[in-house]
Amino acid sequence: MENERVDEATRRRKSGESEGDEVNSDRKRLKTENDSGRSCLDQPMDLRSVYEVVKYEPSHLPAKYYDTDTTEPVSYSLKSLDELLSWKRSEAHPFNVATVPLASRQPALTSGQRKTLVSHDMMGGYLDDRFVQGAESETPYAFYHWQYIDIFNYFSHNMVTVPPVVWTNAAHRHGVLVLGTFITEWTDGGKMCEVFLAEEESYRAAADKLVQIAHCYGFDGWLINIENPLSANAVKNTPLFLRYLTDQMHERVARSRVLWYDSVLENGDLRWQNELNNRNRQEML
């Protein structure tokens, strides 16, 4: 009887050990299954692994290419002759390059019909439209009647007005040419004219930069607006400057235009004629 009790105890102990082994085995299997389903991000970090380090370097471009408050890229102008002559394509901001090619339209701009030009002259320019990636303004100025115009000119009172890229893209989508503005005015403008219109080398240098800027940013030409008296020498070189600029634009930018603003007479006086006559026609030759 005593032997039977020993055998029964031994059997129960072995049975318990077997059940315990099965439980431990199930626990190990469950742990393995859970481990296999874990994300790689949950794994312990291997200090020997190589990780990519992302660095944000400051832009090598001048601060004027970015809005001071938001640091977002903006369109901009050139304010002096020195800025124009020192402009380099390698320093051009890629955000300001137009991406929409000039669409074809009927009738073509080269046809003999009269053309309609709209000049954007609003509070000095470069307002909400200067933001390349869009502005948060609820009432930005917009133009909806592209089908009625042939040429869009962006105007400001800075010496070299580069059209904001948002206007160039919008106009090109509708087959409308876009012109920047080259302006001199008042006493300072007269001084600049005496410098760049002094001789052939100087007016060609200025014209070459204007061509390069238009070609780089993808717009279609210039409105030349000289609104200050000119010396006899500057008056003599003005038509030559216009002809050279026009020829170079036509060579490098298809369907480009160069327009002259009626303000200076053949003797250098500043006097608007509001028509083409013998006193201002020398600039058209």
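## Salt bridges, a helix and two spaces in a predicted model

The side chains of Glu 200 and Arg 204 come together in a salt bridge, with N and O 3.2 Å apart. Both residues belong to helix H5 (residues 200-217), and because they are four residues apart there, about one helical turn separates them. Neither partner is hidden away: Glu 200 is partly exposed at 42% relative accessibility, and Arg 204 is partly exposed at 35%. The model examined here is a predicted one, and this pair makes a friendly starting point for a walk through it.

A similar arrangement appears in helix H6 (residues 232-252), where Asp 247 and Arg 243 lie four residues apart, about one turn of the helix. Their side chains meet in a salt bridge with an N to O distance of 3.3 Å. Asp 247 has a relative accessibility of 37% and counts as partly exposed. Arg 243, with a relative accessible area of 40%, is partly exposed as well.

In total, the protein has six salt bridges. Another of them joins Arg 105 to Asp 150, whose closest N and O atoms are 3.9 Å apart. What parts of the chain does this pair tie together? Arg 105 sits in the loop between helix H2 (81-85) and strand E1 (117-120), while Asp 150 sits in the loop between E1 and strand E2 (151-154), so the bridge links parts that are 45 residues apart in sequence. Are these two residues buried or exposed? Arg 105 has 19% relative accessibility, and because buried means under 20%, Arg 105 counts as buried. Asp 150, at 13%, also counts as buried.

It helps to place these pairs within the whole protein. The protein contains six helices and six strands. Read from the N terminus, the order of these elements is α-α-β-β-β-α-β-α-α-β-α-β. Of the 285 residues in the protein, 40% are buried. Among contacts with a separation of 6 or more, 74% are between residues 24 or more positions apart.

Helix H5, the home of the Glu 200 and Arg 204 pair, can be followed from end to end. H5 has 18 residues and spans 26 Å from its first C-alpha to its last, close to the 26 Å expected at 1.5 Å a residue. Which residues of H5 are buried? They are Ser 202, Tyr 203, Ala 206, Ala 207, Lys 209, Leu 210, Val 211, Ile 213, Ala 214, Cys 216 and Tyr 217. These buried residues pack against several other elements: H2, strand E3 (160-161), strand E4 (177-185), helix H4 (186-196), strand E5 (221-227) and H6. Just after H5 comes Gly 218, which takes a positive phi of about 85°.

Tyr 217, one of the buried residues of H5, also appears in the lining of the largest cavity. The structure holds one cavity of 30 Å³ or more. The volume of the largest cavity is about 40 Å³. Alongside Tyr 217, the residues lining this cavity are Ser 75, Tyr 76, Asn 96, Val 162, Pro 163, Pro 164 and Val 165. By class, this lining has six nonpolar residues, two polar ones and no charged ones.

Pockets give another view of the protein. The second largest pocket has a volume of about 210 Å³. It is lined by 14 residues, and those closest to its centre are Leu 127, Asp 128, Asp 129, Pro 140 and Tyr 141. How many of the lining residues are nonpolar, polar and charged? The lining of this pocket has eight nonpolar, four polar and two charged residues.

Asp 128, one of the residues closest to the centre of the second largest pocket, lies in the loop between E1 and E2. Asp 150 also lies in that loop, and while Asp 150 counts as buried, Asp 128 counts as partly exposed at 31% relative accessibility. Leaving out residues up to four places away in sequence, Asp 128 touches Ala 135, Ser 137 and Pro 140. Pro 140 is also among the residues closest to the pocket centre. The C-alpha atoms of Asp 128 and Thr 139 are 9.3 Å apart, and these two residues are separated by 11 residues along the chain.

Key. Residues numbered from 1 in each chain as written. Predicted model: local features only at pLDDT ≥ 70, side-chain atom pairs only at ≥ 80, totals over all residues. Heavy atoms only, no water. 1 Å grid on protein atoms, 1.4 Å probe; cavity = no way out; pocket = protein on both sides within 12 Å on 5 of 7 lines; lining within 4 Å. Points joined across faces, edges and corners; volume = space filled by probe spheres on them. Nonpolar A, V, L, I, M, F, W, Y, C, P; charged D, E, K, R; others polar. Salt bridge = Lys/Arg side-chain N within 4 Å of Asp/Glu carboxyl O. Buried < 20%, exposed > 50% of the residue type's maximum accessible area, 1.4 Å probe, protein only. Expected span 1.5 Å × (residues − 1). Contact = heavy atoms within 4.5 Å.
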